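Here is a small set of exercises to work through with the model open beside you. Try each task before you read its solution.

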Amino acid sequence: MVSARTRAFKILHEFEQAQTELVGKAVALSDGKAGTVEHVYLDELHGLRISIRGHDGRWPVSTIKFAQR
């Protein structure tokens, strides 16, 4: 059986990996907002959420699309 501590470390590791992959990337949201990911948050009710530079609010990661280069 996996211990709670091991699960917590795995969650933190994945969160840090998501931050590394997302912060600074250009994205577009499904509602038309676009910009650069400024922060990644872990929300206990909704999972990963992001904030975009120049826009107020936090959006679920599922609503982003990476900008084409």
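**Exercise 1: the opening hairpin**

In strand 2, A26 has T36 as its bridge partner. Your task: find which residue of strand 2 is the bridge partner of V27, and in what sense strand 1 and strand 2 pair.

Before the solution, a word on the ground rules. This is a predicted model, where local features need pLDDT of at least 70 and side-chain atom pairs count only at pLDDT 80 or more, while totals for chains, interfaces and linings use all residues. Residues are numbered from 1 along each chain as its sequence is written, and side-chain values use heavy atoms, with hydrogens and water left out.

*Solution.*
- Step 1. Locate the elements: strand 1 covers residues 26-29 and strand 2 covers residues 34-43. Strands are DSSP runs of E with at least two residues, and helices are runs of H or I with at least four, numbered from the N terminus.
- Step 2. The partner of V27 in strand 2 is G35.
- Step 3. The two strands pair in the antiparallel sense, over 3 bridges; pairing requires that DSSP finds at least two bridges between the strands.
- Step 4. Together they form a hairpin with 4 residues between them, and G32 in the turn has a positive phi of about 100 degrees.

**Exercise 2: two faces of a strand**

Sort the side chains of strand 1 by the face they point to, and say which are buried.

*Solution.*
- Step 1. Fix the terms: buried is under 20% relative accessible area, exposed is over 50%, and partly exposed is in between (1.4 Å probe, protein chains only).
- Step 2. V27 and L29 point to one face and are buried.
- Step 3. A26 and A28 point to the other face and are not buried.

**Exercise 3: a lysine in the loop**

Describe the surroundings of K33, which sits in the loop between strand 1 and strand 2.

*Solution.*
- Step 1. K33 has a relative accessible area of 29%, so it is partly exposed.
- Step 2. Beyond its neighbours within four places in sequence, K33 is in contact (heavy atoms within 4.5 Å) with V27, A28, H55 and W59.
- Step 3. Its side chain makes a polar contact with the side chain of D31 at 3.2 Å. A polar contact is a pair of N or O atoms within 3.5 Å; within protein, one must be able to donate a hydrogen and the other to accept it, and residues adjacent in sequence count only if both atoms are side-chain atoms.
- Step 4. From C-alpha to C-alpha, K33 lies 9.9 Å from G54, a residue 21 positions apart from it in sequence.

**Exercise 4: on to the next strand**

How many bridges join strand 2 to strand 3, and is R49 buried or exposed?

*Solution.*
- Step 1. Strand 2 and strand 3 run antiparallel and are joined by 6 bridges. L42 stands opposite L48 in strand 3.
- Step 2. This pair also forms a hairpin, with 3 residues between the strands.
- Step 3. R49 lies in strand 3, residues 47-52. Its relative accessibility is 16%, so R49 counts as buried.
- Step 4. A polar atom of the R49 side chain lies 3.0 Å from the backbone oxygen of R58. Not counting residues up to four places away in sequence, R49 touches several residues, including H39, Y41, R58 and W59.

**Exercise 5: the whole chain**

Write down the order of the elements from the N terminus on.

*Solution.*
- Step 1. The chain has 1 helix and 5 strands.
- Step 2. Their order is α-β-β-β-β-β.
- Step 3. Of the 69 residues in the chain, 19% are buried.
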